[in-house]
Amino acid sequence: MLRFAGHNFEPLPSGALYWRAEATLLVADLHLEKMSSFARAGQLLPPYDTGLTLRRLEADLRRTGAQRLISLGDSFHRVDASSQLTNSDRMHLDALTDLVDFTWLSGNHDPAPHALGGICLPSLELAGLTLCHEPQRGISGLISGHLHPAAHIFMAGRSTRRPCFVHDNRLLILPAYGSSTGSINILSPPFIGLLNWPSLEVTMLGKDRTYPISPKRLVRG
């Protein structure tokens, strides 16, 4: 269980966050069609990322029984990527938007609304919390994505680096959910000044579960 700003959440090993009280699944940074975007730029990589991400998303929706999904921006890797979906991926995504209420928040990669199912918003307030794409200082109870946080720990002579949830009870940043997304160590410059270190709580993704991590075990790299 992850407790943030007076609310209880369930962090999933996929990188999704289930808000049982609101029957809502939160995800960030799907970056759908990332590989097809690379292909358009001349980098010929297998374009299977969208299908993998959608299958993971469907599994989480069915596992939790969520009635609503909120994607916290950068759902698509390019502003026009929603029009680049294959027929099978488009049908799968349409089935998911029919299954639950979808809310797409805008991100820096996909700032404009699209014509897929669900509603598109710049940000959202729900149950006293603010949901948006980019982390900000000075807003209490803010849930965001954008930075693709990861924790690097060293213990018992072994080094492990995995995506993570990180918060200080005022700002919560979700890991990137997409199957082809990278990550940034939470000790790196993009996180400096965003989080209050004495209040820091870190939950690392494992293969089958999530793990609370003491900030004292964090290392750079």
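**Exercise 1. Is C120 buried, partly exposed or exposed, given its relative accessibility?**

Solution. Begin with the source: this is a predicted model, in which local features need pLDDT of at least 70 and side-chain atom pairs count only at pLDDT 80 or more, while totals for chains, interfaces and linings use all residues. Residues are numbered from 1 along each chain as its sequence is written, and side-chain values use heavy atoms, with hydrogens and water left out. Next, take the cut-offs, by which buried means under 20% relative accessible area, exposed over 50%, and partly exposed in between, with a 1.4 Å probe and protein chains only. C120 has 26% relative accessibility, so C120 counts as partly exposed. C132, at 7%, counts as buried.

**Exercise 2. Find how many disulfides the structure has, and explain the count.**

Solution. A disulfide is a pair of cysteine sulfur atoms within 2.5 Å. For C120, the closest cysteine sulfur belongs to C132 and lies 16 Å away, which is too far for a bond. Starting from C132 instead, the closest cysteine sulfur is that of C120, again at 16 Å and too far for a bond. The count by this rule is therefore zero disulfides.

**Exercise 3. Describe how strand β2 is paired and which way its side chains point.**

Solution. Strands are DSSP runs of E with at least two residues, numbered from the N terminus, and two of them pair if DSSP finds at least two bridges between them. Strand β1 (residues 2-4) pairs with β2 in the antiparallel sense over three bridges, and R3 has N8 of β2 as its bridge partner. These two strands form a hairpin with two residues between them, and A5 in the turn has a positive phi of about 50°. β2 also pairs with strand β3 (residues 17-19), in the antiparallel sense over two bridges, where E10 is partnered by Y18 of β3. That hairpin has five residues between the strands, and G15 takes a positive phi near 105°. Finally, consider the side chains along β2 (residues 7-11): H7, F9 and P11 point to one face and are buried, whereas N8 and E10 point to the other and are not.

**Exercise 4. State which residues line the largest cavity, and sort them by character.**

Solution. A cavity is a set of points on a 1 Å grid over the protein atoms alone, where a 1.4 Å probe fits but cannot get out, and lining residues have an atom within 4 Å of a point. The largest cavity is lined by F76, R78, V79, S82, D110, A112 and H114. This lining divides into three nonpolar, two polar and two charged residues, where Ala, Val, Leu, Ile, Met, Phe, Trp, Tyr, Cys and Pro count as nonpolar, Asp, Glu, Lys and Arg as charged, and the others, Gly among them, as polar.

Notes. On a 1 Å grid over the protein atoms alone, a cavity is a set of points where a 1.4 Å probe fits but cannot get out, and a pocket is an open set with protein on both sides within 12 Å along at least five of seven lines; lining residues have an atom within 4 Å of a point. Helices (H or I, at least four residues) and strands (E, at least two) are DSSP runs, numbered from the N terminus.
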